[in-house]
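This report covers the salt bridges, the surroundings of one histidine and two unusual backbone angles in the model shown below.

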Amino acid sequence: MYKHIMLPVDASEPSRKAEKECIAFAKSIKAKVTAIHVVSHYYLHVRSYAAPKSVHTKIEREHEEEAKEIAQKMISVLTKRAKADGVECDGLVVVGDNPYEEIINSARDRKCDLIMMASHGRKGLDAVLLGSETVKVLTHSKIPVLVVR
């Protein structure tokens, strides 16, 4: 059976449901959980020619740091909740442009044997335009993926 589960989270309602399911599942099989949140790099899309590049870089860096702090708080709450339920859990916040790649790489690097994540259930044009990190993980992962709906 599975020993180490990677749990990607994003604070959405489907993600919260996946958290609950994952903690209950991990507890039932005595598995460890690593929760991960991927913060996207922040790029200013409009640049002022009046301001030097260093100002833009500083703004981008500050935005990423703030996003990482918020993500770390979210992960911390989740790990405490899991531990209170008797599940060994640690957290991970990473920065990257392709969340699905960060999820898969982190799961591989941490020797996870299952990725358990939410599906947001987008359909039609939303699914085409927005894409789905879950579908990308399903498509590219060599590690089994369990999708919570």
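A residue is called buried when its relative accessible area is under 20%, exposed when over 50%, and partly exposed in between (1.4 Å probe, protein chains only). The model is predicted, so local features need pLDDT of at least 70 and side-chain atom pairs count only at pLDDT 80 or more, while totals for chains, interfaces and linings use all residues. Residues are numbered from 1 along each chain as its sequence is written, and side-chain values use heavy atoms, with hydrogens and water left out.

**Confidence**

The predictor's confidence in each residue is its pLDDT, from 0 to 100. The chain averages 89, and 85% of the residues score at least 70. Confidence is lowest in helix α4 (residues 124–130), where the mean is 53, and highest in β1, at 98. Helices (H or I, at least four residues) and strands (E, at least two) are DSSP runs numbered from the N terminus.

**Salt bridges**

A salt bridge is counted when a side-chain nitrogen of Lys or Arg lies within 4 Å of a carboxyl oxygen of Asp or Glu. This rule gives eight salt bridges. The table lists three pairs, among them R81 with E19.

| Pair | Closest N to O distance |
|---|---|
| R81 and E19 | 2.6 Å |
| K32 and E88 | 4.0 Å |
| R110 and D90 | 3.3 Å |

The salt bridge between R81 and E19 has its closest N and O atoms 2.6 Å apart. R81 belongs to helix α2 (residues 53–84) and E19 to helix α1 (residues 13–29), so the pair ties together parts that are 62 residues apart in sequence. R81 is partly exposed, at 38% relative accessibility, whereas E19 is buried at 4%. R81 also has its C-alpha 8.9 Å from that of I23, with the two positions 58 residues apart in sequence.

K32 and E88 form a salt bridge at 4.0 Å, N to O. K32 sits in strand β2 (residues 32–39) and E88 in the loop between α2 and β3 (89–95), 56 residues apart. The relative accessibility of K32 is 24%, which counts as partly exposed, while E88 is exposed at 52%.

In the salt bridge of R110 with D90 the closest N and O atoms are 3.3 Å apart. This pair links the loop between α3 (99–109) and β4 (114–118), where R110 lies, with strand β3, which holds D90, and the two residues are 20 apart in sequence. Both are partly exposed, R110 at 33% and D90 at 22%. Salt bridges link K32, E88, D90 and R110 in a network.

**Surroundings of H4**

Which residues is H4 in contact with, leaving aside its neighbours within four places in sequence? They are A31, K32, V33, T34, R110, K111, C112, D113 and L114, where contact means heavy atoms within 4.5 Å. H4 is located in strand β1 (residues 4–8) and is buried, with a relative accessible area of 11%. A polar atom of the H4 side chain lies 3.2 Å from the backbone oxygen of R110.

**Positive phi angles**

Most residues other than glycine have a negative phi. A11, although not a glycine, has a positive phi of about 75°. A11 lies in the loop between β1 and α1 and is partly exposed at 33% relative accessibility. K111 is not a glycine either, and its phi is positive at about 60°. K111 is in the loop between α3 and β4 and is exposed, with a relative accessible area of 68%.

Key: A polar contact is a pair of N or O atoms within 3.5 Å; within protein, one must be able to donate a hydrogen and the other to accept it, and residues adjacent in sequence count only if both atoms are side-chain atoms.
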